[in-house]
Amino acid sequence: MNINLTNKVALVTGASRGIGRAAAIRLAEAGADVIVNYVTSRNLAEDTANEIMNLGRRTWVIKADVSEKEDVDMMFDFIKTEIGRLNILVSNAATGGFRPLLAASNKNFDAAFHTNVLALLYLVQSSMPLLEKETTRGKIITISSHGAIAGLPMYGLVGASKAALESLVRHLTLEIGDKGVNINVVRAGLVATDSSRRLPNAEKLFNDQINFTQVGERILQPEDVADTILFLASSLSDMIQGETITIDGGAAIRGA
Ligand SMILES: NC(=O)c1ccc[n+]([C@@H]2O[C@H](COP(=O)([O-])OP(=O)(O)OC[C@H]3O[C@@H](n4cnc5c(N)ncnc54)[C@H](OP(=O)(O)O)[C@@H]3O)[C@@H](O)[C@H]2O)c1
């Protein structure tokens, strides 16, 4: 059975770069029309949209800071009036903010938790009226990392925010599962993107992945994560609910 998302509308937050961009293109390849959200990189967001258009799909580019409720409200005003439908929400956008916890300020904490956790709540609250209206199950997917369950250097704020995100998803499941919507988490291993390149010792971490992953000489790419997102966005995952699925080529087996 092939995944066919023809006539579905997907919103991908943070689709200008990295995993979000790969997910937006993968969903479009499967037939979906895709709303490309970004906050600063207009040109890169337009590039993603151009690729989607070249695949013959409809696309819209919307600037919105997902950590700001007013921005999310504005984005959904546009979706409701101009598109009128939504089937898939990929809450992907996140902020890095890699620093020691002992040096973290309230402002740093708020920035990490507003973008990485609270944004999901805003997005789910705004998208539910649209997702619920559809005849097929709505799909919400968000992205976590190993920092949710492990201690990683300089990753305390992001890791704690991802742990909160995974918990939020489990609790949201109780409220939205019976309303025709699936919500799940993709917990991705290390992928070389703009944000992970800012990790201290990034090059060494990327090189180490070749040894940690258990799939031969192959490391995780944004497209691999996008494939898991695609599966969770499809009807093949209708019975997967409130779960966290790890995609890391087996690195977690080695404690990475
Ligand atoms: N890379 C990894 O190794 C890795 C591993 C596990 C999990 N993840 C997770 O995967 C997701 C994507 O990560 P990535 O590495 O692909 O990130 P990335 O390359 O740094 O891209 C971040 C994206 O999020 C957008 N963004 C950031 N803050 C935003 C905000 N407040 N409102 C709207 N958009 C915002 C950026 O938009 P602009 O371009 O407009 O700034 C950009 O499109 C994140 O949730 C991350 O935590 C990443």
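This is a short tour of the ligand site and the aromatic pairs in this structure. The model is predicted.

**Stop 1: the ligand**

Select the ligand and show what lies around it. How many residues surround the ligand? There are 30, and the closest are Ser16, Thr40, Ser41, Asn92 and Thr193. Colour this shell by class. You will find 14 polar residues, 12 nonpolar ones and 4 charged ones.

Now switch to cartoon view. Helix H1 (18-29), strand E2 (33-38) and strand E5 each bring at least two residues to the shell. Which of the elements gives the most? Strand E5 does, with 3 residues.

**Stop 2: polar contacts of the ligand**

Select Ser16. An N or O atom in the side chain of Ser16 lies 2.6 Å from an oxygen atom of the ligand. Go on to Ser195. Here too a side-chain N or O atom faces a ligand oxygen, at 2.8 Å. Then pick Ala64. This time the partner is a polar backbone atom, 3.4 Å from a nitrogen atom of the ligand.

Next, show the ligand's surface. On its own, the ligand has 900 Å² of accessible area. The protein covers 93% of that.

**Stop 3: a pair between two loops**

Leave the ligand and turn to the aromatic rings. A search of the whole structure finds 2 aromatic pairs. Select Phe98 and Tyr155. Their ring centres are 5.8 Å apart and their planes meet at 20°, so this pair counts as stacked; the cut-off for stacking is under 30 degrees.

Where do the two residues sit? Phe98 is in the loop between strand E4 (88-91) and helix H4 (106-133). Tyr155 is in the loop between strand E5 (138-145) and helix H5 (156-176). The pair links distant parts of the chain, 57 residues apart.

Are these residues buried or exposed? Phe98 has 19% relative accessibility, so Phe98 counts as buried. Tyr155 is buried as well, at 13%.

**Stop 4: a pair within one helix**

Select Phe109 and Phe113. Both lie in helix H4. They are 4 residues apart, about one turn of the helix. Look at their rings: the pair is stacked, with 4.2 Å from centre to centre and 15° between the planes.

Add the surface to check how each is covered. Phe109 has 40% relative accessibility and therefore counts as partly exposed. Phe113 is buried, at 18%.

Key:
Residues are numbered from 1 along each chain as its sequence is written. This is a predicted model: local features need pLDDT of at least 70, side-chain atom pairs count only at pLDDT 80 or more; totals for chains, interfaces and linings use all residues. Side-chain values use heavy atoms; hydrogens and water are left out. Rings of Phe, Tyr and Trp (its six-membered ring) pair if their centres lie within 6.5 Å; planes under 30 degrees apart count as stacked, over 60 as edge-to-face and the rest as tilted. Buried means under 20% relative accessible area, exposed over 50%, partly exposed in between (1.4 Å probe, protein chains only). A residue is near a molecule or strand if one of its heavy atoms lies within 4 Å of it. A polar contact is a pair of N or O atoms within 3.5 Å; within protein, one must be able to donate a hydrogen and the other to accept it, and residues adjacent in sequence count only if both atoms are side-chain atoms. Accessible areas come from the Shrake-Rupley method with a 1.4 Å probe; for residues, only the protein chains shown count as cover. Ala, Val, Leu, Ile, Met, Phe, Trp, Tyr, Cys and Pro count as nonpolar, Asp, Glu, Lys and Arg as charged, and the others, Gly among them, as polar.
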